[in-house]
Amino acid sequence: MKFAITSKGDAKSNTLMQRMRTYLQDFQLDYDEDQPDIVISVGGDGTLLYAFHRYKNRLDKTAFVGVHTGHLGFYADWTPDEIEKLVIALAKTPFQIVEYPLLETIVRYQHGGREARFLALNESTVKSVEGTLVMDVEIRGQHFETFRGDGLCIATPSGSTAYNKALGGAIVHPSIDAIQITELASINNRVFRTVGSPLLLPAHHTCMFRPVNAVNFQITIDHLTLLQEDVKSIQCRVADEKIRFARFRPFPFWKRVHDSFIAN
Ligand code: NAP
Ligand code: MN
């Protein structure tokens, strides 16, 4: 079995990365940065987001594991003092796999047939470059509302504890194949109206955002911010692909929610 390790880059994460690499090689596992079967992320949730984007072209062949060197993470749920246990578990394959849904965002442009497709593990957001964001929102081909405000956030279940939560979205168990749309400061008065509540869409209910006047937007895909010009439409749905996590011990999602937000 081949493995790779990504580190947050600080001294603590780098030291742990080196130790794990040596341990795993002692167990006859091969270090392979290009085609790993297992990717270990050492740092925080942000480090796992980075690892996901690095290996997103081979998700069906890669299982992720996250070790946290700071606070408990949703993706990084192993502690540094558990790494010996983790290494032994990794060395004696096969291990269990759990899969989480991802978000697919397709941006289409005013001129020409090209389109861009993005996968997000947490969420995608759409904001204007200048002034109020105005977007026609369509769900399953039907006009739903004209949104005016700061922006829209479309989150995965595992991303629901991140930006989505700060926007008043619900926490969604990652066994549910869905995406959630939340608003960023919508304008609501006698003239302009949006639904105001977070919306949960099942797999294959596509939503489409169509610009009303401006055509340039700031779109985020997890930690990445992209300037998108001459946009014709932005389409979101549950992706066909999933992220796979290697599971070596039970750590239920609701316990991670409890330990992260209530008490540890
Ligand atoms: P960051 O600024 O370090 O991330 C913000 C915080 O979100 C960090 O504490 C990060 O944990 C945590 N986080 C990331 N994914 C999470 C998840 N699925 N559930 C719960 N917490 C999560 O930047 P980053 O590490 O590159 O992460 C990018 C993410 O930041 C975006 O995907 C977005 O969800 C989030 N964000 C949140 C807000 C907000 O809450 N107002 C605003 C912008 C972006 P670590 O410290 O372990 O990395
Ligand atoms: Mn971070």
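**Group meeting talk: two domains and a ligand**

Hi everyone, let me start with one pair of residues: Val39 has Phe64 as its bridge partner in β4. Before I go on, please keep in mind that this is a predicted model.

That pair belongs to a set of parallel strands. Strand β3, residues 38-43, runs parallel to strand β4, residues 63-68, and six bridges join the two. Strand β1, residues 2-7, also pairs with β3 in the parallel sense, this time over five bridges. If you want a residue to click on there, take Ser7, whose bridge partner in β3 is Val42.

So how covered is β3? Six of its six residues are buried. In a regular strand, side chains alternate between the two faces of the sheet. On one side of β3 you have Ile38, Ile40 and Val42, on the other Val39, Ser41 and Gly43, and both faces are covered.

Let's zoom out to the domains. The protein is divided into domain 1, which takes in 2-95 and 248-261, and domain 2, which is 101-241. Their C-alpha centres lie 30 Å apart. Where the domains meet, nine residues of domain 1 are in contact with 11 residues of domain 2. On the domain 1 side, α2 and α5 (253-261) each give two or more residues, and the largest share, four residues, comes from α2. By class, that side of domain 1 has six nonpolar, two polar and one charged residues.

Now for the ligand, which I suspect is what you came for. Where does ligand 1 lie relative to the two domains? Both domain 1 and domain 2 give residues to its shell, so ligand 1 lies between them. There are 16 residues around ligand 1, and the ones that come nearest are Gly44, Gly46, Ala162, Ala166 and His223. The elements giving two or more residues to this shell are α2 (45-54) and α4 (163-166). Helix α2 gives the largest share here, three residues. As for chemistry, the shell divides into five nonpolar, eight polar and three charged residues.

What does the database say? The UniProt entry, which is unreviewed, lists Asp45, Gly46, Asn122, Glu123, Arg148, Asp150 and Ala185 under "binding site". Do these positions gather at one spot or spread out? They span 141 residues in sequence and the farthest two C-alpha atoms are 31.2 Å apart, so they do not all gather at one spot.

Let me pick out two of those listed positions. Gly46 lies in helix α2, and we met Gly46 a moment ago among the residues that come nearest to ligand 1. Is Gly46 buried or partly exposed? Gly46 has 18 C-beta neighbours inside 10 Å, so it counts as partly exposed.

The other one is Glu123, in strand β7, residues 123-128. Glu123 counts as buried because it has 27 C-beta neighbours inside 10 Å. Which residues does Glu123 contact, leaving aside its neighbours within four places in sequence? Among them are Leu103, Cys153, Ile154, Thr156, Tyr163 and Asn164. Ala162 is also in contact with Glu123, and you'll remember Ala162 as one of the residues that come nearest to ligand 1.

To leave you with one picture: ligand 1 has residues of both domains in its shell, and α2 gives the largest share of that shell as well as of the side of domain 1 that touches domain 2. Thanks for listening!

Notes. Residues numbered from 1 in each chain as written. Chains lettered and ligands numbered in written order. Predicted model: local features only at pLDDT ≥ 70, side-chain atom pairs only at ≥ 80, totals over all residues. Near = placed C-beta within 6 Å. Nonpolar A, V, L, I, M, F, W, Y, C, P; charged D, E, K, R; others polar. Domains from an automatic or database assignment. UniProt positions renumbered as here; feature names shortened; annotations may be inferred. Buried ≥ 20, exposed ≤ 12 C-beta atoms within 10 Å, placed from the backbone. Contact = placed C-beta atoms within 7 Å. Pairing = 2+ DSSP bridges.
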